[in-house]
Structure formats: C-alpha cells, structure tokens
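Trainee: Got a minute to go through this model with me? I'd like to start with the strands and then look at pockets.

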Amino acid sequence: MSGEDVPHRAESSEARAAAVSDIQDLMRRKEEIEAEIKANYDVLESQKGIGMNEPLVDCEGYPRADVDLYQVRTARHNIICLQNDHKALMKQVEEALHQLHARDKEKQARDMAEAREEAMNRRLASNSPALPQAFARVNSISPGSPASIAGLQVDDEIVEFGSVNTQNFQSVQNVGTVVQHSEGKPLNVTVIRRGEKHQLRLIPTRWAGKGLLGCNIIPLQR
C-alpha cells in the first residue's frame, strides 16, 4: 500500500461512518413516525373502535353523536400525512442502504486488488536473487581516512575484502594480512548496505591517523 492510499482510506472510512450515521438517523425518524401513527390509531380505537373508513354520520345523515368528530377527523388526517412521510422516508432509507452497499462493494474490490498486489510483490521479492552472506561488519570509521574516502560506512556488512570472503574468512587477521600486502594498491570491497549490495575500491594508505584503513571491522556472529 502506497502512502497516497492512507488519506484515501481515512476519507473512505469517514464517508462510510457518516453514511451509517445518516441511516441511523433515518431509522430513528422512522420509528418516531410509526409511534405517532400508532398513537393516532389508538385515538380512533378509543372512539368506539372507529377506523379510517367508517362513516361519521348516522343513518339519517346527521353527524354521529357517539364519537368526538374533531378527534376522529384530526387522527385520520394525521395518519394520512404520517403514512405519506413514512413512505418517503422508507425511500430515503432504501437509497441510503443502496449507496452504503455500493460503497462497501467498492471497498471490498479495492481491498482485494491491494491484497493481490501485495501477494504479487511478495512473490517477486521471494524470487529475487538472495544477497550474498557477509562475514564482518564495519563498526567505526575515522573521518578523512582511506576507508572513509573509499565510501565505506558504519554498519556496512562485508561480503568480500580483496581475496577474503565468507568461504576463507577465519578472523579479522585475514583482512589485516591482505591490507598489509596491499598498501598503495586498490582492493575490491563488496558490502551490503541497507539490503543492497555495493562495490567499492579501497586503497590501503598511510594517512594522519592510525593504520592503513582508518576503520574498525568486527566479525559477524552467524
């Protein structure tokens, strides 16, 4: 995953959280409307069990005297309005759920693509040639020394130092012997630095400091 994906992921998570919050608000409003509808039906039930369609006049055409006509008409009106609101609200809920589902599917597809890319990168990394084994490490370098001039750095792991390599290395004295016999002559030095192999040319030379290299080398414990 690249650094650019991090803000995108954060933005996507925030957008999903906002969408879920909106849906929760809609669902709360839905429950409130349903409670109001029930309350108005309870009003009708209290009026002789009258419903939404029963006539409000008697057989002679006069307003019924056994019910509170104002309460019945108000409750019926409220129920009709609330049912319309409920229908519109359910459409909003459906659209919001659809958008959330689409966002989740998009995220799932993106996550799967990233997982495939990561797996491919791992396979490529496993198929890349292995770095050669080092036998020693540089733990100090004096400024202005031959080692410093050659580009050697602290924590460089030495793979080859002239004729010395992992196969024939026994102690740092092997390196010392090569250095003593190579004063003024370039030596090919191969090191591993931060997971990468580097080739250097080091010339053992007398300088203002001690020795011919101006660095300290310690064997690696394997």
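Mentor: What follows covers one strand with its partners, then the largest pocket; keep in mind that this is a predicted model.

Trainee: Fine. Is strand S4 mostly covered or mostly open?

Mentor: Mostly covered. S4 spans residues 187–193, and 6 of its 7 residues are buried.

Trainee: Which way does S2 run against S4?

Mentor: Antiparallel. S2, residues 157–161, pairs with S4 over 4 bridges. Within that pairing, Glu160 sits opposite Thr190 of S4.

Trainee: And how many bridges join S4 to S5?

Mentor: There are 7, and those two strands also run antiparallel, with S5 covering residues 196–202. One of the pairs is Asn188 with Arg201 in S5.

Trainee: What links S4 to S5?

Mentor: A hairpin, with 2 residues between the strands. Arg194 is in that turn and has a positive phi of about 50°.

Trainee: OK, switching to pockets. How much space is in the largest one?

Mentor: About 350 Å³. The lining has 15 residues, and the closest to the centre are Gly176, Leu213, Cys215, Asn216 and Ile217.

Trainee: Which elements give two or more residues to that lining?

Mentor: Helix H4, residues 172–180, and strand S6, residues 215–219. H4 provides the largest share, with 6 residues.

Trainee: What's the chemistry of the lining, in terms of nonpolar, polar and charged?

Mentor: The lining of the largest pocket has 7 nonpolar residues, 7 polar and 1 charged.

How values were computed
Residues are numbered from 1 along each chain as its sequence is written. This is a predicted model: local features need pLDDT of at least 70, side-chain atom pairs count only at pLDDT 80 or more; totals for chains, interfaces and linings use all residues. Side-chain values use heavy atoms; hydrogens and water are left out. Buried means under 20% relative accessible area, exposed over 50%, partly exposed in between (1.4 Å probe, protein chains only). Two strands pair if DSSP finds at least two bridges between them. On a 1 Å grid over the protein atoms alone, a cavity is a set of points where a 1.4 Å probe fits but cannot get out, and a pocket is an open set with protein on both sides within 12 Å along at least five of seven lines; lining residues have an atom within 4 Å of a point. Grid points are joined across faces, edges and corners, and a volume is the space filled by probe spheres set on the points. Ala, Val, Leu, Ile, Met, Phe, Trp, Tyr, Cys and Pro count as nonpolar, Asp, Glu, Lys and Arg as charged, and the others, Gly among them, as polar.
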